[in-house]
Structures are given as C-alpha cells and as structure tokens.
Amino acid sequence: MRAALVSEYRKWASTRMWWILLIVMAAYMAFLGVVMAFTVTLQPAEGSGAMPIDGIDAALTVYTLGNALGYVFPLLAGAMSMTAEFRYQTITPALLADPRRSVFLGAKLLSAVLIGLAFGVVGTLASVAGGAPILALRGDGAFLGSTDVLVPVLLSVVALAIWAFVGVGVGTLITNQVAAIVVVLAFTQFVEPILRLGMGAVELLEGAAKFLPGAASEALVGASTYASLGMSDLLQRPAGALVFLAYGLLFAVIGRFTTLRRDIT
Amino acid sequence: MISIDSLTKTFGTVRAVDDLTFEVRPGVVTGFLGPNGSGKTTTLRMLLGLVSPTAGRATIDGREYAQIPQPARVVGAALEAASFHPGRTGLDHLRVFAPQVGVSDQRCRELLEMVGLADAAKRRVGGFSLGMRQRLALATTLLGDPPVLVLDEPANGLDPGGIRWLRELLRHFAAQGRTVLVSSHVLSEVQQTVDDVVIISRGRLVHASPLAELAAQAERHVDVVSPDAEALKAVLDAQRWSYAPASHDGTRVFRVADVAAAQVGAAAYAAGVELHALTQTEVELEDVFLRLTGQTDQPDAVQEVAA
C-alpha cells in the first residue's frame, strides 16, 4: 500500500491539471468572498421582508463559501484522477505494476483526500481573505477569533477534502472523462441546487433534500448558504458527516465491483 | 516459461480466443503472430491478469500473473504504445511505476539512457513520436529487470534503425536466458528476430514451431520460359515435376513446383532445349503466414472485435 501511495503521489505531482483547478478555485473563492461579504453587509430595503444576515451568521456564510459553492473543484480533481487513468490507458501499466485492484482504488482515494485538503485550505483561505476585511469594515466584524466561526471553517477544509474522495468514487463509476466532467458540473451547478430548492417546496420531499450530498456536506460544516437564506434545513452535524462520507464510500465500493472488476481492454 | 492452456475468451457471441494452447520457452525469442483482431492482444491481456478468461489458464512459471508478488520484477510487459499521460515527462512516467516495481530514480534514468531517451527525460510524453513512445514503453517493461518479457507490437512506429536496435536488444535478452514473447501482425517485421513462431487466426492456434519448420512449409518454385514450349513440356514431364503453364505478357511461362533453378536448367541443357528465362522464387515466409492465417481469402469477420 505504501508503494501504491507513493505512486499516486507521483501521479499528482507530475501532472498540472489539478494545479489549474486549484488556482481557479482560489481566484473564484476570493471573488465570491468579496461579493458575498458586500451582499450580506447591505441593509435590506425597508419593507422588502428580507431577513438581514448579520454577525456570526454573515461571517460563516462568507467563510464556508468554499464548501457551499467551490466544492466542484476538488470533486473534479478527484474524478479526473481516476478518469485520466482510463482516458490515457495508464490503468494498464498501473495494474501491471500492482494487479491488486482494491489497493489501486484505495491508494487513489487516500491520495485524493490529501490533495482535497490542499483544495480545502486554499479555497477556504481565499474566501476568508476576500471576505474578512469587508465584514470587518462594513459589517459586524470578522469574527475570526470566535470558536463558533473557526470550527466550521476548519470543517469546511475537511469537507472539501472529502469532496475529492467522493470525486474518485464518481470517476470510478463514470470512467469516461468528458462524461464525468459533464455530470459533475451539471449535478453541482444545476441539478442539486434545483433539487434542494424544489424539494424544499414540496412537502413530501422536504425531508429528503437534506440527504443530498451538498446538503450533507453543509451539515458537516455546520453552515450553509442555502440554510442561512432560509431555503432548506440540514441534518445534525454527525448525521450529515456520515451521510456525506457514505456517498464517497458507496460510489467507491460500487466502482470497485463494477468498473474495477471488469476486463481492462 | 509461459504456458497458455486451453485459453478461451468470448465477448458476447464472438470467441475472440478459442481454446488456445501453446508454450513459450526461455532462452529464445518467440513471435506471437496473427492478423489484426486475431486475438493476440486479448491473449496477452489474459496472461497479464487484465482480462479474465472465459475458460482455461495462462501462467508464468506455473503462477497466474495476479498471484505473483511484485509481478513487474518477474514479467515486463508493454501493451500498446499509447499508455502514457501526455502531460507527464519521460522520467516521471517511469518514476510513477518505480515504487511498486521497487526500483530507484537512478534505475529510471539508466533505463532512459539504455533506450536512447536520456535527452527526452524532461520532455512531456505528449510531444513524443510513436517511436519514442515505443522506447519509453520498453523502458517501463525493463524497470524490474524481469526474466520474462511480453511485448505487444513493439516494432510499430520504429524507424528501420529502431527496429534493428530492438532486434539486437531482444536477441541479447534471449541469449541471457530470458523468455521473450513478441507479438506482431506482420511476420516479416519479426522474421529476423524470432526463433519460434506461434501463429493464431480467429482466436485459434494454426501453427506453433521453430521458425525453421515454418520455413520448410514454404513452397519454392521456378518460372521457366522457352521458345519451344512443347520441348520444354517434354523435359518437365520426363523429370516428373509438377508444373503449371501460365501466361506472362503473352509469353508462355511454366511454373515448376519445388525444384531449384539449377535442376531445371541442367535438365533443359541436357535435352538441348533453349531457355529464355529461368527464375527461382525464393522461400516466401510471409506467403506461408498469410496462407495459414487465411488472409489470402476474405476479410476476417472477427477482425474488428478483439483488437
């Protein structure tokens, strides 16, 4: 397993795609941090009925943007680490070097968590760096010393790492690189947001929306852009964490017994 | 020793490999030959544990590939020259697999030098020519200094100099007592390299022997032309040679089977028959190969499936 992990580390270190994703994520999160910090510090118009977000809630909304809106980046990086093996057929020499397919998948999942931590740290720091000065100047303060803020911020880093783990699972299920990218983008940018809003509006499905992966990850973090806007409720933190992890594990296990059991041709 | 034992693989209704049995002995280079789509790559992938057989077994010294601990130290295999991440450098490609093979970066550099890619160590594989990729694939197989080499179409994309270099390298490995199995869809490409041949067609074994025995199957013949066709016929009949008249640009040519030009010339001279042409057709192994694999008739229905 150690050799497999070193091999995976070298695969990451010798390719550039995830660096591009990381840099784009940093820029995007810093930008969103600025925009969101401005938004939450605007006073709602009289009689608009909108609930102002202030204090710690404002800070949490801004600082956990990485998980709320930036999780597509580690998810893509994780998925592409697997689909690239199929796209470039490097899975053939990889399985020749070590034919144990569970070891291959396990090393990929673990190494993706490490890369995901990098996405978590960079993405979270970028949104904090973008939003904190504005919150401090225009709002109720940056709240960077508060445990109520720091714990969700740290968990946001953890959640983003798990997104990379989930990504490897997605890539194992959908080995076609283009298809995997399309599915990830469509699901994260379109399907899940609509589902969460739509299910929240239908009484029968209201309870199910919180089991969607994005909602579960927000439950783990303990802060949600959606929830703070009053649009959906979340699971308790431990339950959310378990549901979120279960997605990654489920995808990986299904992938192990479908894609990785098949013939490699 | 590689043993392929009653190996069968079906894809849907197609039997890509059909009850195939042969052995590859150490110390020689064995050519694994067949037209595209005849099941060569599928056979090799089953041997290497990438494809699971429908029936039968493929073993290396009695063990299946997946049962060998650190298999890359026992078997070096290259399948297709396309298994590279284009963004990775030549050296990084080797370094990715080095931990599992259990070798150092130094060994990776040595191998790049050995296959003539030392200058390309820091270049991305995306910019490599097909020949360079073949060399890099070969370097990957040699990482663990394995006693068994399995190479799928290694000569594809190599220039004539590269093919010659590969031939000498493979002969050298065989001389060291290693087992070397090389696939190709063109016999002439490996004719000067291999000692043994295993020929398959439509997933079935059609011939396995030392190359010399295959060559013995090649039919030589002599084309002979005389202005006095009747006299020549009488000579050929007197010798009890089998021949067939053929027409060549209006001249009558007699194609005489399984004789040497000197025999025909001597017989004609002794009978006083004037000859205008006497052409020996040398052993054409490729023709034997094409005949064995049925490529002289019609296209193979299985061809597209198993490549």
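Me: Which residues in α10(A) are buried?
Reply: This is a predicted model, in which local features need pLDDT of at least 70 and side-chain atom pairs count only at pLDDT 80 or more, while totals for chains, interfaces and linings use all residues. Residues are numbered from 1 along each chain as its sequence is written, and chains are lettered from A and ligands numbered from 1 in the order in which they are written. Helices here are DSSP runs (H or I, at least four residues), numbered from the N terminus, and a residue is buried if 20 or more other C-beta atoms, placed from the backbone, lie within 10 Å of its own (exposed if 12 or fewer, partly exposed in between). By that test the buried residues in α10(A) are P213(A), G214(A), A215(A), A216(A), S217(A), E218(A), A219(A), L220(A) and V221(A).

Me: Why is helix α10 of chain A largely enclosed by the rest of the structure?
Reply: The helix covers residues 213-221 of chain A, and just after it G222(A) takes a positive phi of about 85°. The helix is largely enclosed because the number of its residues that are buried is 9 of the 9.

Me: At what angle do α8(A) and α12(A) pack?
Reply: Helix α8 (residues 147-173) and helix α12 (residues 237-257) of chain A have their axes, lines fitted to C-alpha atoms over the stretch in contact, 8 Å apart. Angles run from 0 to 180 degrees between N-to-C directions, and the packing angle is about 30°.

Me: How far apart do the C-alpha centres of domain 1 and domain 2 of chain B lie?
Reply: An automatic or database domain assignment supplies the bounds, dividing chain B into domain 1 (2-216) and domain 2 (219-282). Their C-alpha centres are separated by 46 Å.

Technical notes:
Helix = DSSP H or I, 4+ residues; strand = E, 2+ residues; numbered from the N terminus.
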